[in-house]
Amino acid sequence: MSSERPHGRWLAPFGFVGGVRAGGRLLGPEWGRLRAGVLRTGVDGCGCALRQSQRWWWWLPLTSRSVIGGRSGRSPASPRPLSCSIAQESKDAGSRRDRPEGKRGKKAAAGDTGDGVAEDAEGAPYRHTVNLPVTSFDQRANAVVREPQIQQFWAEHRVFERLAASRLAEATFVLHDGPPYANGALHIGHALNKILKDIINRYQILRGKRVHFLPGWDCHGLPIELRALQSLSKKEKASLTPMLIRQVAERFALDAVQEQRASFQRYGVWAAWERPYLTLDPAYEAAQIQVFGEMFLKGFIYRGRKPVHWSPSSRTALAEAELEYPEGHVSRSLYAAFEVVQPSERARALLQGRSASVAVWTTTPWTIPANRAVAVNPALEYQVVEAAMPQRRVLIVATSLVETLSAKWGTVLRLLGTLRGADLIGTTYRHPLYPQLILRVVLGGDYVTTDAGTGLVHTAPGHGTEDFAVGQRESLEVFSPVDDAGRFTAEAGEALAGLSVLGEGNAKVIAELQACGALLLEEPYEHKYPYDWRTKKPTIFRATDQWFASIEPFRQQALRAVAQVQWIPPAGAARMRGMIESRSEWCISRQRAWGVPIPVFFDEATGEPVVDADILQHVQSVFAQHGSSAWWTLSVDDLLPPHSPHRGRALRRGTDTMDVWFDSGTSWAAALRDASASEGEAAPKVDLYLEGSDQHRGWFQSSLLTSVATRGTAPYRAVLTHGFVLDEKGMKMSKSVGNVVDPMEIIVGGADAKKKPPYGADVLRLWVSSVDYSSDVLIGPTILRQVADIYRKLRNTLRYMAGNLYDFEAGAVAYADLPSLDRYMLRRASQVMRQVQEAYDEYAFYRVFQTLQRFAVVDLSNFYLDIAKDRCYVAVPSEPRRRSCQLVMHAVVRDMARALAPILPHTAEDLWQSLRRGGGDAEAGAGSSIFEHGWLQHVTQAPGDASEDAVWDTVRGVRDVVNKALEGARSAGEIGASLEAHVVIRPGSAAVAECLRQCDRGNGVDELRYLFIVSQVTLEPALPEKVPLAAALEATEVSVRRADGHKCVRCWNYSVRVGEHATHPRLCERCVESVQRLGA
């Protein structure tokens, strides 16, 4: 054994202590004897097991594990030993050595005495000559304890801050954090978002960038205000003032920030947590006022009376981004007839003195009182028809809808004549609810279609954007007899006043139409309808006095900016372009107390707004010093500049606040002042915005519009979007359904640890890396168990390699002297790492996950490490074949740690610190983190050799054929362990035979018996047929027989030379040489 092995003692086979992990189960001390071939991995935190022949010996270290950066624990020279078999619990070739050896193996496993015991007794003297893996990198993550320790290590050494301070400003990478609402605990969508950002940032750090990541929170708006008001007593609610609302909301928001920040940090997210940006900070609010002022002075912001999305449940205007359109909404739609008073000239000729009506259709009957016109499409053809509907009527409808309407109304529509839509313009009709009101048919637009309805559109300029546009052109009254609560006002008439337009008011309008004979048909109509995203209740269109940002003046500039941004996925560009092309203005005012006030005064006498550049600048400086609450606490004169001509006037301050999307949409101006700008840029432009796909109509768009309006350019170079998180059945998560996945329960576990075990942050992060976030992603208990299993396999593979490096000596073997297998594995690792880097560069983290997982299982565990066990364990420590394997493991484990570090930072750091303590590491430094050591540095240096790679690809194909033959022989009871086998191979072609001969070099590594993990290999002449490689591999014949000779009690290989040496009669010739060199 190496002199560097830590002190400990071997316990007798039946004298072990502690729990043993066997076959995936934790076995207690009551297990008096161990079944051979069952125990595969060592005990966590206690010791390790070594199987000699058919028994397991327990090695108990005399030292305890250490803590990273720790104040307690053992010295770096005393790492904890690892199990002697690779910890890869899979039914593959990687566990062939440790399987029960047929009937004979079962007999020994049952505790039968005989040859197995004799072998064990005789093999005992050689236990100390076997090179057991040794590492302090635990088999089990123990994430609940270990991850906080690692985070403390990062915090104590200020790793993130030091890396930011030490890198050149020219190499800055800025990922701007979209602020989540500070209104409660985080959900799994937050975890997906922040972890994606952290993966990107950590990768950029490893690539040598100076990462600027300032976390932010959106602290204003209705969601926070409503949650804050819920905490008030009835007495407090009865005496609400704007300032009380603001004080309560601010306290609530700041408490939520603290809670969410702690959760984000527990996810392992690095950021400037001690100095986040909050939209309620005075400096932020002042910067927001500056952007508002610039847009106002350029003429982009104006006050007007227009119909906007209005939420009766929230009593405020809403932006499109604050709406949702749930499935299953059903409206009470109706067809109504408006009596014609004076037909147009062409209509008069067709009617020939008959009374007629224009037929209209609407899904919002409550808007009928506000009707001020009927719009037609001038290009459509219309018909005058006669209908026998309890009473005979003459109606005007679109020609293409006659058949549909006849079926709906249950009557024949007899044609009286046709005319174009243009011929109807100028026709007047009587309002059905207000007979004294005479209105007219007007020119509509492309929105007047025959997809549904009658082809004539009921037009209420106070309740629709298209209606409003027509009303402006036709000088129609913008009539909206609805109050803030969504109730009809007295203007709607005594019968309707006070009724909710979405409830009894809607029903009353229908009843009134029925009573006056105007109702043709009422029917339910299912369609998408806007809902308030906060209260989950329907909204209405309602004309009110609001502040708007006009998009039209800079629309083309905004579209050019969209074209200059990299959109990931690319479909985001078309989505953003379509939204900007179809948007005319942005309603930026809200009727709430908790927000940044719009800094405008109003003349008490005239109601005219009062604002100018001096007022805007002065309010900005007041907010910077006192915060936006000064708008309510200071007098009007104090809010005006000292020399303002408006001082002394009878002015009142406005009570509207800004849309929260304007708040967060100006974060590029308020939160990035300390991010270095690229040379030649007037202000910093960030490298990346990353949020959910719903932010095309939210934060991405508001940020773009404010930046283009004031700077002429987009605030970002690239925009990456991710989908939403659904349960593992693809259903939306809901507390009522019980399918909500809490990210903190994933990390620390739930109340029932069996149902919700503590997986740790790295398993959560591994899940994030495993999903294709470009669309919606799934998560649930089954998925988490699968991800956790993959994590364990990755960790155990890393641990096995680390355990074999405790005595690694850099430079012991030159690359040119490496065996062919080792050169091949370094090249294979190099290929994998290039693929990983490309995937990181393209933000395709699921490809990183898939590539590294496949490499760990297929290339390492099932192939290279499976083969390497023999030389790692039984070779003399300084023997070249062992040192060369260590060189490969050293390169692979370090670069795998780097490649995994952005995704599994805790695991990578834990491994790195273990490697630093394990000896032979030239990269060690006091308090040194893996993130301070840069990107891939080892395997990428391996020179290519395509011809040698082709040989090894063929050999691996033959190895698969051999494994199948061994399984068949084992099932037939012909052999137990693979080392009991002698395989005879007849290659399927001469090319396959040549590849096998090239590998069988007799250097103790590139020999077929070691590659196939058997005791002997016989290569017969190849089959004569010339066939393609794939067919040749399939045609390769393999037969299995019992190995010749006797079993070596040290390496378990069978050899005809066992028994030749007098001193060591139970050893093979190879082990005799090894133990003699060791002086045993």
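Contact here means heavy atoms within 4.5 Å. The model is predicted.

Two packed helices are described by the angle between their axes and by the distance separating those axes. Helix α23 spans residues 761–770, and helix α28 spans residues 905–917. Their axes lie 8 Å apart. The packing angle is about 125°. Angles between 115 and 145 degrees fall outside the parallel, antiparallel and perpendicular classes, and α23 and α28 are therefore oblique to each other. On the α23 side, the contact involves Ala 761, Asp 762 and Arg 765. These residues meet Pro 905, His 906 and Thr 907 of α28. By class, the contact of α23 with α28 holds 2 nonpolar, 2 polar and 2 charged residues.

The second largest pocket encloses about 1,600 Å³ of space. Its lining comprises 50 residues. Closest to the centre of this pocket are His 463, Gly 464, Thr 465, Glu 466 and Phe 541. Several elements each give two or more residues to the lining. Among them are the strands β10 (301–311), β14 (357–362) and β24 (540–550). The helices α12 (465–474) and α15 (571–582) also belong to this group. Helix α12 gives the most, with 5 residues. The lining of the second largest pocket divides into 24 nonpolar, 18 polar and 8 charged residues.

A further region is annotated in the UniProt record. The unreviewed entry places the feature "domain: Zinc finger FPG/IleRS-type" at residues 1045–1072. In the model, the end C-alpha atoms of residues 1045–1072 lie 16 Å apart. The span is 14% helix and 14% strand.

Note on methods. Residues are numbered from 1 along each chain as its sequence is written. This is a predicted model: local features need pLDDT of at least 70, side-chain atom pairs count only at pLDDT 80 or more; totals for chains, interfaces and linings use all residues. Side-chain values use heavy atoms; hydrogens and water are left out. On a 1 Å grid over the protein atoms alone, a cavity is a set of points where a 1.4 Å probe fits but cannot get out, and a pocket is an open set with protein on both sides within 12 Å along at least five of seven lines; lining residues have an atom within 4 Å of a point. Grid points are joined across faces, edges and corners, and a volume is the space filled by probe spheres set on the points. Helices (H or I, at least four residues) and strands (E, at least two) are DSSP runs, numbered from the N terminus. Ala, Val, Leu, Ile, Met, Phe, Trp, Tyr, Cys and Pro count as nonpolar, Asp, Glu, Lys and Arg as charged, and the others, Gly among them, as polar. UniProt positions are given in the numbering used here, feature names are shortened, and annotations may be inferred rather than shown by experiment. Axes are lines fitted to C-alpha atoms, for helices over the stretch in contact, and angles run from 0 to 180 degrees between N-to-C directions. Angles under 35 degrees count as roughly parallel, over 145 as roughly antiparallel, 65 to 115 as roughly perpendicular and the rest as oblique.
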